[in-house]
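Biologist: Please take one part of this model and go through it closely. I would like to hear about the contacts there, and about any open space beside them.

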Amino acid sequence: MCTIAMAMAAANIIAEAEAEQREQEKHGANQSETLLRWEREQMLLRENLITCNTEAWQSHPDFLGLQRIGGVDLSYIKEDDTVACASLVVLSYPELKVIYEDCHLVTINVPYVAGYLAFREVPVLVDAVQKLLEKDPCLMPQVLFVDGNGILHHRGFGVACHLGILTDLPCIGVAKNLLQVDGIENNDDHKEQIRELQSGGDFFNLTGSSGAILGAALKSCSKSSKPVYISVGHKISLETAVRLVHSCCQYRVPEPTRQADIRSREFLCKNRSQNI
DNA sequence: GCGACAG
DNA sequence: ATCTTGTCGC
């Protein structure tokens with residue numbers, strides 16, 4: 001009696017373990033399959049990328065004609081990495097006053113994988129832009145500042161490029177940390193170059209081992225010792241992007257990004273009861 | 001074992 | 001991304 005029950009229990013345990021094993025293998029296979037799929041998608045979308053100025057205001061010394069800049073951001077809660085607040089703000093230019101704000105809770109089931117940030121964050125941002133288009137097309141930004149990188153990326157197609165292609169909006173990647181790619185390193189040389197930046201607006205280009213200029217390190221305001229890393233997302237040149245970002249910096253992080261950041265965090269705090 | 005790792 | 005207080009300085 002006992003032995004039969006024990007054998008059955010053992011068989012169950014073994015069966016469960018085997019099922020678990022198959023599940024993990026399937027999961028593992030799916031993960032590498034997913035990465036390959038993502039990589040192919042980045043390569044395909046990259047064919048449509050435009051890395052020069054396309055709008056008249058971009059060439060103007062004072063960006064005459066530019067009236068609206070968008071900023072996007074996602075904030076997360078520590079308890080559950082599938083719960084986040086997505087925010088899209090639009091600021092008037094050159095006043096940099098918020099004229100549109102959209103914060104809302106989202107569920108995200110895609111993990112963060114370095115080099116594939118877009119697959120986690122871009123879908124909800126595209127939704128936010130779509131919502132603005134339907135609700136208030138007059139407030140559509142003429143350029144978007146995106147947290148993260150543009151072409152300064154393992155495969156030359158970071159989140160700012162991805163969002164630019166999917167929305168057809170000019171986009172600029174503004175990263176707070178250097179993504180070390182194509183021979184660009186945060187080494188002593190790099191740190192020395194940073195120390196040499198004198199005042200707000202000073203910058204140096206980031207040149208990959210291929211010789212291509214992939215981005216720039218910008219001392220965004222005179223007080224910040226740490227630069228922001230600018231790279232082309234879509235439909236704007238690096239020179240214009242650097243100039244424009246600097247013109248939006250009251251603090252280290254440019255105002256559109258900063259407002260999106262602040263407001264999405266506040267929204268999460270305010271709605272904390274619903275999150276947990 | 002060590003360093004890297006946008007958000 | 002998030003956790004997390006004060007502290008030193010202008």
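**The surface facing the DNA**

Modeller: By class, the surface near DNA strand B is made up of six nonpolar, seven polar and three charged residues. The model is predicted, and every value below is computed from it. In total, 16 residues surround DNA strand B, and the closest are Tyr-112, Gly-115, Asn-149, Lys-176 and Gln-180. Of the strand B atoms within 4 Å of the protein, 51% belong to sugar or phosphate, and the rest belong to bases.

Several polar contacts reach those bases. A backbone N or O atom of Asn-149 is 3.0 Å from a base nitrogen of DNA strand B. For Leu-117, a backbone N or O atom is again involved, at 3.3 Å from a base nitrogen of strand B. His-153 uses a polar side-chain atom instead, which lies 3.1 Å from a base nitrogen of strand B.

Asn-149 deserves a closer look. This residue sits in the loop that runs between strand 4 (143-147) and helix 4 (159-167). Asn-149 counts as buried because its relative accessibility is 10%, and the cut-off for buried is under 20% with protein chains only. Leaving aside residues up to four places away in sequence, the contacts of Asn-149 include Gly-158, Val-159, Ala-160 and Cys-161, as well as Gly-173, Ala-175, Leu-179, Tyr-229 and Ser-231.

The second DNA strand gives another list. Around DNA strand C are Ser-75, Tyr-76, Lys-78, Lys-176 and Arg-265. By class, that surface has one nonpolar, one polar and three charged residues. Of the strand C atoms within 4 Å of the protein, 100% belong to sugar or phosphate. One contact of this kind comes from Lys-176, which places a polar side-chain atom 3.4 Å from a phosphate oxygen of DNA strand C. Lys-176 is also one of the residues closest to DNA strand B.

As for open space, the largest pocket holds about 560 Å³. Of its 28 lining residues, the closest to the centre are Tyr-112, Leu-117, Asp-147, Gly-148 and Asn-149. Tyr-112 and Asn-149 are also among the residues closest to DNA strand B. The lining divides into 13 nonpolar, nine polar and six charged residues. Strand 1 (68-76), helix 3 (117-135), strand 5 (171-175) and helix 7 (255-270) each supply at least two lining residues. The largest share is that of strand 1, with four residues.

Note on methods. Residues are numbered from 1 along each chain as its sequence is written. Chains are lettered from A and ligands numbered from 1 in the order in which they are written. This is a predicted model: local features need pLDDT of at least 70, side-chain atom pairs count only at pLDDT 80 or more; totals for chains, interfaces and linings use all residues. Side-chain values use heavy atoms; hydrogens and water are left out. On a 1 Å grid over the protein atoms alone, a cavity is a set of points where a 1.4 Å probe fits but cannot get out, and a pocket is an open set with protein on both sides within 12 Å along at least five of seven lines; lining residues have an atom within 4 Å of a point. Grid points are joined across faces, edges and corners, and a volume is the space filled by probe spheres set on the points. Ala, Val, Leu, Ile, Met, Phe, Trp, Tyr, Cys and Pro count as nonpolar, Asp, Glu, Lys and Arg as charged, and the others, Gly among them, as polar. A residue is near a molecule or strand if one of its heavy atoms lies within 4 Å of it. A polar contact is a pair of N or O atoms within 3.5 Å; within protein, one must be able to donate a hydrogen and the other to accept it, and residues adjacent in sequence count only if both atoms are side-chain atoms. Buried means under 20% relative accessible area, exposed over 50%, partly exposed in between (1.4 Å probe, protein chains only). Contact means heavy atoms within 4.5 Å.
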